[in-house]
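Visitor: Hi, I've got a structure here that's new to me. Can you walk me through it?
Guide: Sure, let's pull it up.

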Amino acid sequence: MSLMKRMSLIFKSKASNALDRAEDPRQTLDYSYQRQVELLSKVRRGVADVATSRKRVELQVNQLVQQENKLTEQAQKALSMNREDLAREALTRKSALSGQITDLRAQQAQLQGEEEKLTLASQRLQAKVESFRTRKETIKASYTAAEAQTRINEAFSGISEEMGDVGLAVQRAEDKTATMQARAGAIDELIASGALDDASSINRGDDISRELEAMSSQSDVESELAALKATSAPASIEAPDSTTPAELTAEENEPHHQEGQS
Amino acid sequence: MIVRILGEGQREVADSELDGLNALDATLERAVEADDVDAFTGALLGLLDAVRSAGAPLADDSLEDSDLILPPSDATIDEVRALLNDDGLIPG
C-alpha cells in the first residue's frame, strides 16, 4: 500500500478511536469542540512563541553586526596608525563574528518560515472550528439517533484530521524553537561573557580599543602641546588651534575662486 | 480525491493524476525503506510539488477528510518512518 494511503489510514484510525470513547455521540461533539478551541489557542501561543524567538535572534544579529562594524573601524584606525598587527587581530575577530552572523540569519529565516506556517495553520483551523460548531449545533437540534452517527462521523473525521495535522505542526515548531532557543541562549551567554566579542563590546573597553585609545590619547597630547606652542610662536606649528582651520579653508578656497572666474 | 500535505493543508486533485502520484509515491517509499536520505529528499519534494501543481487548495472551512496524506516538506526520513509506524507523533 502506498505511503500516502498508509498515512491517511493512521489519521483515520486516530479519529475513530477518539469517537468511540463517548457513549452519547452528542457529548463527543461538545468534547471535540472543546478540544478544538484548546488546540486553537495552543497554535496561537505557538505563533507568539516562535515570533519571540525570531525577535531574539534578530536582536542578536543586530548586536553582532554592530560589533562587526566596530571591528572594521578599529582595523581601519589601526592601519592608519601603522599598526598592522592590531588591524589583523581586529579582522580575525571580525571573521569569527561573520560566521556567527550567517548562522543566526539562517535561523532567523527558518523561524520566520515556521511563524508563517503556523499562522496559516491557525487560520485554517479557525475556519474549520467555526464550520464544525455550526454543524454541531445543527446536528444537536435535529438529533435523531439513527442519522446522527453518520453525520457526526463526517464532521468529526475532517476536523480530527486537521487537529492531528495542526497538533503535529505545533509540536514540530516547538521542538525546532527549543533547539534554537538553546543556541540563542548560548550566544547571549557568549556575548555577556565577552568571549565572542572581546574586541568590540560596546560599553567596556577591549584590548584593541584600549591600545588604539592609548595611541590616540598620546597623539591628542601631542597635538595639544603643539597648539600651546602655536599660541606662543604662531609661525612654527603644524597642529591646528582655534583660528587655523578657518585660515586654511580660506587659503584653500581662494585658488578655486580664481580658477572658476577665469 | 483530497490530498493533505501535513503543515500545508488539503488540495483537491483530479483522479486522473493518481497514477502519476502513485509512481512518485513508490519512489519515496523505496527511499524510506532503503534509508537513502538523498533519494528520500528528492522524492518527497517531487511528490509534494506534483500534488501542489495538480491540485487546488480546499476551502479552509471544509470538514472533509483526506484520501491521501503526505508528510511535511521539511520532514526527515526518520520522522516519516515514525509517522508510518504511528510512534505517537500524531497527537490525538
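Visitor: What does pLDDT do over residues 197-204 of chain A?
Guide: This is a predicted model, and across residues 197-204 of chain A the pLDDT stays under 50. The model still has 16 contacts for that stretch beyond four places in sequence.

Visitor: And how many contacts does the stretch 242-262 of chain A have beyond near neighbours in sequence?
Guide: Just 1 contact in the model, and pLDDT is below 50 there too. Where pLDDT is low, the predicted coordinates shouldn't be read in detail.

Visitor: What's the mean pLDDT of chain A, then?
Guide: The mean is 79, with 79% of the chain A residues reaching 70 or more.

Visitor: OK, switching topic. How many residues does each chain put into the contact?
Guide: Chain A gives 35 residues and chain B gives 26. On the chain A side, α1 (3-20), α3 (84-141) and α4 (145-193) each give two or more residues.

Visitor: Which element has the largest share of that side?
Guide: That's α4(A), with 13 residues. By type, the chain A side splits into 14 nonpolar, 10 polar and 11 charged residues.

Visitor: What about the sheet in chain B, what's its strand order?
Guide: β3-β2-β1-β4, an open sheet with mixed pairing.

Visitor: Why is one side of β3 and of β4 left without a neighbour in the sheet?
Guide: In chain B, β3 (55-57) and β4 (68-70) stand at the edges, so each has a single partner strand.

Visitor: How do β2 and β3 of chain B pair?
Guide: Antiparallel, over 3 bridges, with β2 covering residues 9-13. B:Glu12 stands opposite B:Ala56 in β3(B).

Conventions: Residues are numbered from 1 along each chain as its sequence is written. Chains are lettered from A and ligands numbered from 1 in the order in which they are written. This is a predicted model: local features need pLDDT of at least 70, side-chain atom pairs count only at pLDDT 80 or more; totals for chains, interfaces and linings use all residues. Two residues are in contact if their C-beta atoms, placed from the backbone, lie within 7 Å. Helices (H or I, at least four residues) and strands (E, at least two) are DSSP runs, numbered from the N terminus. Ala, Val, Leu, Ile, Met, Phe, Trp, Tyr, Cys and Pro count as nonpolar, Asp, Glu, Lys and Arg as charged, and the others, Gly among them, as polar. pLDDT is the predictor's confidence in each residue, from 0 to 100. Two strands pair if DSSP finds at least two bridges between them.
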